[in-house]
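The following exercises are to be worked with the sequence and the 3D structure at hand. Each task is followed by a solution in steps.

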Amino acid sequence: MNARGVQEDILKVFHNHRHCFCNDDQVHSLGTHYILNNSSWYQGKEVVDFMETVGRHFRMGTMLSRHSVQSRLRSAEGMSLTEFTYQLFQAYDFYHLNQHYGCRIQLGGTDQLGNLMSGYEFIQKVTGQEVYGITIPLVTSTSGDKLGKSAGNAVWLDSKKTSPFELYQYFVRQPDSNMERYLKLFTFIPLLEIENLMDNHRKDPGKRLAQKRLAAEVTKLIHGKEGLVSAKKCTNALYQSSVAALETMSDKELQELFREAPFSEILLEPGTSVLDLCRKANAIPDGPTGYQIITNGGIWINHVREAKAEQVLVLGQHILSNGLSLLRVGKKNYYIVKWLNMAT
């Protein structure tokens, strides 16, 4: 399941790049790409045979000298045999791709330098071919920590794990110090245009021009034009309290925006009041306490404070044209309501 999900995410990025960033001539110049699972060439291989044919080309001293190995050995957790031998398998993967697909360049994060070197040296010994490894700077948090699954702070391509809105906001919140580097790393904006963008950004950093452009470009690449539109709608709905933005959102988008918010489907009946809404959504306690929360001004419907408990819900005000209501109790407790039977 994980391998299939990764493949789907990568194919989606290629699709979005082709449709959002390329003209007709560029589409034809992209060439052919393959997404392969290395399990296909390890199936049927015996461990003893693999170690005899591949392992004999590696020297313990060289493997132990790798910076990644040294840092793991010095850590409190130490290093397992599985981790230590990983460089053999990554080296063989490079060799297999070289022999069957003519692959001569391997890319990886700077923390993968040792593994890239192992592949380079292995292919040199076995075939004599000239191959190359390219390292890419790691993306780090504002505190300098590595971003990734193992660090527990990953930003995912999968929209179920990181929604378009969350991805967009992640880049909008980046500090100015990361902007020029990230624009060059993560976007296809020409360098001269990046220079002009940064000049305009420095004139008024408060507008966050660079962050917004970066967020838009990355979100469009990962989630397409529809994902970017959704991310901007969510941003306007949450941070600008835009009722117009709320009206254009689907119940799915609202649930992605307010992931912790309970979702209710409620039958709309004539005379349904603000109090009825709050109780049916289980947003307030029963009895006088819940009633007082409303009359004391403790609830908002679609970003507007509502203090009249007996007020009958009004279409276009309490119930949006998309059949939804966003209810907030206090500062942070959101509830999403989808109204049924609106036609009657």
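Two strands pair if DSSP finds at least two bridges between them, and strands are themselves DSSP runs, numbered from the N terminus. The model examined here is predicted.

**Exercise 1. Pairing around β7**

Task: Determine which residue in β7 is the bridge partner of L324, and establish the sense in which β6 and β7 pair.

Solution.
Step 1. Locate the strands: β6 spans residues 324-329, and β7 spans residues 333-340.
Step 2. Read off the partner of L324, which is K338 in β7. S325 stands opposite V337 in β7.
Step 3. Compare the directions: as the numbering rises from L324, paired with K338, to S325, opposite V337, the numbering in β7 falls. This agrees with the antiparallel sense, in which β6 and β7 pair over 6 bridges.
Step 4. Examine the connection. β6 and β7 form a hairpin with 3 residues between them, and G330 in the turn has a positive phi of about 75°.

**Exercise 2. Building the sheet**

Task: State how β3 and β7 run relative to each other, parallel or antiparallel, and explain why one side of β3 and of β5 is left without a neighbour in the sheet.

Solution.
Step 1. Strand β3, residues 263-267, is joined to β7 by 5 bridges, and the two run parallel. One of the pairs is F263 with I336 in β7.
Step 2. Place these strands in the whole: the open sheet has 5 strands in the order β3-β7-β6-β4-β5, with mixed pairing.
Step 3. Look at the ends of that order. β3 and β5 (304-305) stand at the edges with a single partner strand each, so one side of each has no neighbour in the sheet.

**Exercise 3. The contact between domain 2 and domain 3**

Task: Describe how much area domain 2 and domain 3 bury between them, and identify which residues of domain 2 lose the most area to domain 3.

Solution.
Step 1. Set the bounds: domain 1 covers 36-135, domain 2 covers 164-253 and domain 3 covers 261-340.
Step 2. Count the participants: 11 residues from domain 2 and 10 residues from domain 3 take part in the contact. The C-alpha centres of these two domains lie 32 Å apart.
Step 3. Give the area: about 820 Å² is buried between domain 2 and domain 3, with 61% of it on carbon and sulfur atoms. On the side of domain 2, L246, E247 and D251 lose the most, together 65% of what that side buries.
Step 4. Count the polar links: there are 5 residue pairs in polar contact between the two domains, and 1 salt bridge. The side chains of D251 and K338 meet in a salt bridge at 3.6 Å, N to O.
Step 5. Assign the helices: α13 (209-239) and α14 (243-247) each supply at least two residues of the domain 2 side, and α14 gives the most, with 3 residues.
Step 6. Classify that side: 5 residues are nonpolar, 4 polar and 2 charged.

**Exercise 4. A salt bridge across the chain**

Task: Find which residue forms a salt bridge with E166.

Solution.
Step 1. The structure holds 11 salt bridges.
Step 2. R259 is the partner of E166, the closest N and O atoms being 3.0 Å apart.
Step 3. The pair links distant parts of the chain, 93 residues apart: R259 lies in the loop between α15 (251-257) and β3, and E166 lies in helix α10 (residues 164-172).

Key: Residues numbered from 1 in each chain as written. Predicted model: local features only at pLDDT ≥ 70, side-chain atom pairs only at ≥ 80, totals over all residues. Heavy atoms only, no water. Domains from an automatic or database assignment. Buried area = accessible area lost by both parts, 1.4 Å probe. Salt bridge = Lys/Arg side-chain N within 4 Å of Asp/Glu carboxyl O. Polar contact = N/O pair within 3.5 Å; in protein donor to acceptor, adjacent residues only side chain to side chain. Helix = DSSP H or I, 4+ residues; strand = E, 2+ residues; numbered from the N terminus. Nonpolar A, V, L, I, M, F, W, Y, C, P; charged D, E, K, R; others polar.
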